[in-house]
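Trainee: Hi! Could we go through this protein together?
Mentor: Happy to. Let's pull it up and start wherever you like.

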Amino acid sequence: MRTDAAFVASRLARLERRIKLAADSAAAGGGEAAARVRVVGVTKYLAAAQMGALRQAGLMLFGENRVQDALPKLELLRGEAAPQEWHFIGTVQGNKARAVTGRFALIHSVDRLELARRISQAATEQGLRQDVLLEVNISGEASKHGFEAAELEALWPELARLPGLGIRGLMGMAAEDAPARPAFRALRLLRDRLDPGRRLLGELSMGMSGDFEAAVAEGATLLRIGRSLFSEEAEI
């Protein structure tokens, strides 16, 4: 993994050019769509000592997958080395709900009602509202986490009333062995059914190194990118 500022800045610039091209080619496309897209650098494989130059390279959002690894990094990376925002993008076990609440600007992976309730309770006890995304199993794979679309539509009124949550949008992952764009389109259309005016659910976290252009074309606002930013072997 390469994390020196020059390498990451070069990769980020290439990525942003491809985001712009993908937005331009989309039906809704253009510079306005590209400007809404933010890159979350997936830093789960990086030690805190490797991450000091990432903000200097222009990477402002860091995404962590494992609570036990992420929290020490939050403590070690402060000041100019700290990201603009820390995001939690991995699965949250029920007993870790309190540990992540109030520590991350955005939790992408609220994948069930019970977890939403636990985070809401922890946030209320801390006197804050935790911003979250609701994870949807858009691929239909048994190995993937997330609400089923019909389940989420039925639960949406209850989820929206939880006092400690600021629900900002949806998150989903496409299957590795199927076209990504239909899955991302399904997530966007689900968002539009839940929030037709997009007053609440402005964020769509979808797209990774292998499929981010399809995600941008379908309206992604957050891309979770690791390999394309940090691996010399990855094409970008």
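Trainee: Let me start with Glu 235: is Glu 235 buried or exposed?
Mentor: Glu 235 is exposed, because its relative accessible area is 70% and anything over 50% counts as exposed. Keep in mind that this is a predicted model.

Trainee: Okay, and where does Glu 235 lie?
Mentor: Glu 235 sits in the segment after helix 9 (227-230).

Trainee: What is Glu 235 in contact with, leaving aside its neighbours within four places in sequence?
Mentor: With those neighbours set aside, Glu 235 contacts Arg 18 and Ser 228.

Trainee: And how many Å apart in space are Glu 235 and Met 51?
Mentor: Their C-alpha atoms are 21 Å apart, with the two positions 184 residues apart in sequence.

Trainee: Let's jump to the other end. Where is Arg 2?
Mentor: Arg 2 is in the segment before helix 1 (5-25). Arg 2 is partly exposed, with a relative accessible area of 28%.

Trainee: What does the side chain of Arg 2 make a polar contact with?
Mentor: The partner is the side chain of Asp 4, at 2.6 Å.

Trainee: Which residues is Arg 2 in contact with, leaving aside its neighbours within four places in sequence?
Mentor: Phe 7 and Val 8 are on that list, along with Leu 229, Phe 230 and Glu 232. Arg 2 and Glu 232 are 230 residues apart along the chain, yet 6.9 Å separates their C-alpha atoms.

Trainee: Nice. Ser 228 came up earlier as a contact of Glu 235; which side chain has a polar atom 3.1 Å from the backbone nitrogen of Ser 228?
Mentor: That side chain belongs to Ser 209. Ser 209 is in the loop between strand 7 (203-205) and helix 8 (212-217). Ser 209 is buried, since its relative accessible area of 13% falls under the 20% cut-off.

Trainee: What else does Ser 209 touch, not counting residues up to four places away in sequence?
Mentor: Besides Ser 228, Ser 209 touches Arg 224, Ile 225, Gly 226 and Arg 227.

Trainee: Zooming out, how many helices and strands are there in the protein?
Mentor: The protein has nine helices and eight strands. Its radius of gyration is 17 Å, close to the 18 Å from the globule rule for 236 residues, so the protein is as compact as a globular protein of that length.

Trainee: And what share of the residues count as buried?
Mentor: 54% of the 236 residues do.

Trainee: Last one: how many positive and negative side chains are there?
Mentor: There are 32 positive and 30 negative side chains, and the centres of the two sets are 2 Å apart.

Note on methods. Residues are numbered from 1 along each chain as its sequence is written. This is a predicted model: local features need pLDDT of at least 70, side-chain atom pairs count only at pLDDT 80 or more; totals for chains, interfaces and linings use all residues. Side-chain values use heavy atoms; hydrogens and water are left out. Helices (H or I, at least four residues) and strands (E, at least two) are DSSP runs, numbered from the N terminus. The radius of gyration is taken over C-alpha atoms; the globule rule is 2.2 Å times the number of residues to the power 0.38. Buried means under 20% relative accessible area, exposed over 50%, partly exposed in between (1.4 Å probe, protein chains only). Lys and Arg count as positive and Asp and Glu as negative; His and the chain ends are not counted. The place of a charge is taken as NZ of Lys, CZ of Arg, CG of Asp or CD of Glu. A polar contact is a pair of N or O atoms within 3.5 Å; within protein, one must be able to donate a hydrogen and the other to accept it, and residues adjacent in sequence count only if both atoms are side-chain atoms. Contact means heavy atoms within 4.5 Å.
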